[in-house]
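Walk through this structure with me, one sheet at a time. Keep the model open as you read.

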Amino acid sequence: MSQTILRVEGLSKVFPVSYSVVERVQGRPRRAVRALTEVNLEVRRGETLGIVGESGCGKSTLARCLVRLYDVDSGRIVYDGLEVSGLRGAALRQYNRRVQMVFQDPFSSLNPRMTVGQTLREAILVHRLRKPEQVPGRIRELLELVGLPADAENRLPHEFSGGQRQRIGIARALSVEPETLIADELVSALDVSVQAQVVNLLLKLQEQLHLTVLFVAHDLRLVRHLSHRVAVMYLGRIVELAETERLFTAPAHPYTQALLRAAPELDPSRKSVVEAVKGELPSPLNPPTGCPFHPRCPQAFERCSKEVPALLPRGPEGRWVACHLLEATP
Ligand SMILES: Nc1ncnc2c1ncn2[C@@H]1O[C@H](COP(=O)(O)OP(=O)(O)OP(=O)(O)O)[C@@H](O)[C@H]1O
Ligand code: SF4
Ligand SMILES: [Mg+2]
């Protein structure tokens with residue numbers, strides 16, 4: 001069995017910006033948001049891969065492309081040997097069963113008029129995963145798995161707290177027996193104490209069910225706690241990917257270094273957020289030439305504004321970095 005379960009190659013996604021009559025009359029070119037540019041990524045079977053980066057860097061777009069909520073403009077997504085962009089009909093439904101997305105707001109995917117039991121029952125039966133007489137037992141099993149009381153089955157989503165709703169969202173995702181979970185800001189809207197509970201649940205499920213997990217989050221402390229490896233994104237590109245502890249203790253890319261310095265959650269004794277990344281995040285409407293980080297990088301040199309650094313393996317420990325500086329010092 002291959003160690004890699006998901007491979008992303010040269011994935012790009014552009015969102016066209018609406019074109020006003022004035023712009024058209026003035027003959028201005030159409031503008032577009034470059035949400036993802038040439039993203040390359042390999043996810044290992046059974047790992048939790050954290051995906052981090054500033055707001056707008058393309059994390060959610062990547063997650064949505066992976067489950068085919070968005071079509072990609074170019075590049076490939078290969079899941080367990082399957083070319084994902086070519087999937088249609090039953091094959092796509094089967095892929096979406098194997099790769100489930102759990103959202104920040106489970107209400108967006110839960111029917112508010114259906115009890116938790118009805119929601120789970122529907123998901124199990126649509127995919128014909130159990131005989132009808134086996135469904136009640138399976139529902140009890142799922143509720144227990146995510147730490148919800150058995151009577152949750154007969155209640156509606158609005159009767160639960162935020163953390164419990166996330167557990168319902170996870171139970172629904174698990175009801176179709178996926179291999180991979182993509183969690184986009186799963187706990188961002190929850191109180192800190194509840195966040196830890198939900199993250200620990202995810203950790204337990206990942207081990208118990210041998211799930212592969214993509215964990216997209218802002219909170220670097222949670223990502224560190226949960227992930228085996230972490231990918232850092234900047235302006236639609238992956239700039240560094242490494243084993244979690246290596247990334248946090250010895251970040252190699254100048255942007256990762258700045259991102260960690262600016263994270264108050266990694267050092268609670270810090271009184272104020274240090275503005276470690278100087279300057280504004282450039283607009284994805286008009287990304288910089290060369291290395292996307294060069295206008296803000298304290299170590300930028302001439303080549304950086306001209307040439308895009310490729311994401312390349314550095315050193316023996318499986319770290320990948322996109323920076324010209326590291327090319328010069330192998
Ligand atoms: N449906 C869309 N239409 C147009 N532009 C979009 C759309 N979705 C995302 N974008 C743009 O694409 C870029 C990447 O957005 P995305 O939501 O993927 O970022 P993100 O890293 O998830 O940010 P956040 O941390 O705030 O969730 C942003 O500039 C965003 O404005
Ligand atoms: S390529 Fe240049 S600008 Fe980009 S991160 Fe490396 S040193 Fe900085
Ligand atoms: Mg997002």
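What follows covers two sheets, the helices on them, and a ligand site. The model is a predicted one.

Begin with the four-stranded sheet. It is open, its strands are ordered 2-1-4-5, and the pairing is antiparallel. At the edges stand strand 2 (32-44) and strand 5 (82-83), each of which pairs on one side only. Now look at strand 1, residues 4-16. Strand 1 runs antiparallel to strand 2, and nine bridges join the two. One position to find here is Arg7, which stands opposite Glu42 in strand 2. Then add the helix. Helix 2, residues 59-66, lies across strand 1, strand 2 and strand 4 (74-79). The helix runs at about 115° to strand 1.

Turn to the other sheet. Here eight strands form an open sheet, and the order reads 6-7-8-3-9-10-12-11. The pairing in this sheet is mixed. Strand 6 (99-102) and strand 11 (312-314) each have a single partner strand, so one side of each is left without a neighbour in the sheet. From one strand to the next, the twist averages 25°. Strands of a sheet pair through backbone hydrogen bonds, in either a parallel or an antiparallel sense. Strand 7 (residues 180-184) and strand 8 (residues 212-216) show the parallel sense, over five bridges. Within this pair, Thr180 has Thr212 of strand 8 as its bridge partner. Helix 7, residues 192-209, packs on this sheet. Helix 7 touches strand 3 (48-52), strand 7 and strand 8, and its direction makes about 160° with that of strand 8.

Last comes the ligand site. Where does ligand 2 sit? Ligand 2 occupies the largest cavity. Among the residues that surround ligand 2 are Cys291, Cys297, Cys304 and Cys323. His253, His294 and His324 also belong to these surroundings, as do Phe293 and Gln299. By class, the shell around ligand 2 divides into eight nonpolar residues, four polar and no charged.

Conventions. Residues are numbered from 1 along each chain as its sequence is written. Chains are lettered from A and ligands numbered from 1 in the order in which they are written. This is a predicted model: local features need pLDDT of at least 70, side-chain atom pairs count only at pLDDT 80 or more; totals for chains, interfaces and linings use all residues. Side-chain values use heavy atoms; hydrogens and water are left out. A residue is near a molecule or strand if one of its heavy atoms lies within 4 Å of it. On a 1 Å grid over the protein atoms alone, a cavity is a set of points where a 1.4 Å probe fits but cannot get out, and a pocket is an open set with protein on both sides within 12 Å along at least five of seven lines; lining residues have an atom within 4 Å of a point. A molecule sits in a cavity or pocket if more than half of its atoms lie within 2 Å of its grid points. Ala, Val, Leu, Ile, Met, Phe, Trp, Tyr, Cys and Pro count as nonpolar, Asp, Glu, Lys and Arg as charged, and the others, Gly among them, as polar. Two strands pair if DSSP finds at least two bridges between them. Contact means heavy atoms within 4.5 Å. Axes are lines fitted to C-alpha atoms, for helices over the stretch in contact, and angles run from 0 to 180 degrees between N-to-C directions.
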